[in-house]
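Reader: I'm in my first year and still learning how to look at a structure. Could you take me through one part of this one slowly?

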Amino acid sequence: MTKPEILVARAVFPEVIARLEEHFVVESNQRDDSWTQEQFIQKLQGKQGAFTTGGDRIDAVVLAACPDLKICANMAVGYNNFDVDAMTQAGVIATNAPDVLTETTADFGFALLMATARRMTESEHYLRAGKWSKWSFDMFAGSDIHGSTLGILGMGRIGQGIARRGAHGFGMKVIYHNRSRLSAELETDCKATYVGKEELLKTADHVMLVLPYSPASHHTIGAAELSLMKPTATLVNIARGGIVDDAALASALAAGRIAAAGLDVFEGEPKVHPDLLTIPNVVLTPHIASATIPTRLAMANLAADNLIAVLTGKKALTPLN
Ligand code: GLV
């Protein structure tokens, strides 16, 4: 029997490519070349499967040009690069990579919160620049994590992981807002209280964004929302670029409207709003919340498992449609 053909759009672990090659004829991109949409379509034509990452867009144009496609497996939990409705219409299965990254990403969210509230990168830059000549009582004084109020917008698995860390590890009061309320059992487990979005923004000492991106969540945090937050508050975005209006955030940070922000994701990344690069009270990281080797390997293997299952006539493990 001839093996199905698949395209792996980005460089990935060689052992995952080797696994895929046991089942498929694989065209990979181990040099991690950047392809135009035309090049991507050209390479995808005639393939039954695609291994994608969050930057590889699958939409009606791609689907119309690639009628042999049966499955696109995203090596990411977020899937705003997929037009899932168009994929469903075209009979293409979409899968993402949930669960395997939950705890790693929650760890990172917490690390970014702590680095931001306690001004770690700002003070490190000061030290490295040779500016530290003497200690002073309020030098780089930040805000406390322990005992403070953590507001989580978006209470999926990662949000719950962050809530547990805050409530059980740091004695934080956790409030959250989500499209749907958690079960009473999960609320107890996370020690989290459901509140409206406005109340969350007004009362949280630290606001953590973990909601998925969609046109409905575009600019969930803009100038109006930032103006509701405490001037001493911290904002952390580990969700997706576009959930925050980065220009409005840069203005709010520069004006001291909120104390600090920690951002792992950006509108139009890998470009970053130029003002964010010069403002001191922001911690910036390049979309690395799930980046540990075991977790990235598990994400890649889950994407591979989905491709293998679907293209050998079985059910997808983590289907989106
Ligand atoms: C990373 O951003 C992911 O969605 O997995």
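Reader: Let's zoom in on the ligand: how far is an oxygen atom of the ligand from a polar backbone atom of V77?

Author: That gap is 2.8 Å, between an oxygen atom of the ligand and a polar backbone atom of V77. Before going on, some ground rules. This is a predicted model, where local features need pLDDT of at least 70 and side-chain atom pairs count only at pLDDT 80 or more, while totals for chains, interfaces and linings use all residues. Residues are numbered from 1 along each chain as its sequence is written, and side-chain values use heavy atoms, with hydrogens and water left out.

Back to the ligand. G78 also offers a polar backbone atom, 2.7 Å from an oxygen atom of the ligand. With H287 the side chain does the job: one of its polar atoms sits 2.6 Å from a ligand oxygen. The cut-off for a polar contact is a pair of N or O atoms within 3.5 Å; within protein, one must be able to donate a hydrogen and the other to accept it, and residues adjacent in sequence count only if both atoms are side-chain atoms. Taken alone, the ligand exposes 200 Å², and the protein buries 85% of that (accessible areas come from the Shrake-Rupley method with a 1.4 Å probe; for residues, only the protein chains shown count as cover).

Who stands around the ligand? A76, V77, G78, L101, R240, H287 and M299 do, where being near means having a heavy atom within 4 Å. Sorted by class, that shell has four nonpolar, two polar and one charged residues (Ala, Val, Leu, Ile, Met, Phe, Trp, Tyr, Cys and Pro count as nonpolar, Asp, Glu, Lys and Arg as charged, and the others, Gly among them, as polar).

Now step away from the ligand and look at the salt bridges. The count comes to 16, each being a side-chain nitrogen of Lys or Arg within 4 Å of a carboxyl oxygen of Asp or Glu. One of them joins R10 and D32, with N and O 2.7 Å apart. R10 is in the loop between β1 (5–8) and α1 (14–23), and D32 in the loop between β2 (25–27) and α2 (37–44), so this pair links distant parts of the chain, 22 residues apart (helices, H or I with at least four residues, and strands, E with at least two, are DSSP runs numbered from the N terminus). R10 is partly exposed at 33% relative accessible area, and D32 is partly exposed too, at 31%. Buried means under 20%, exposed over 50%, and partly exposed in between, with a 1.4 Å probe and protein chains only.

Another salt bridge pairs E225 with K197, their closest N and O atoms being 3.9 Å apart. E225 lies in helix α10 (residues 223–228) and K197 in helix α9 (residues 197–203), so the pair ties together parts that are 28 residues apart in sequence. Here E225 is buried at 19%, whereas K197 is partly exposed at 27%. You can also find a network of salt bridges linking E27, K43 and K47.

Last stop: N178, in the loop between β7 (173–177) and α8 (184–190). N178 counts as buried, with 17% relative accessibility. Its side chain reaches the backbone nitrogen of M155 at 3.0 Å and the backbone oxygen of S180 at 2.9 Å.
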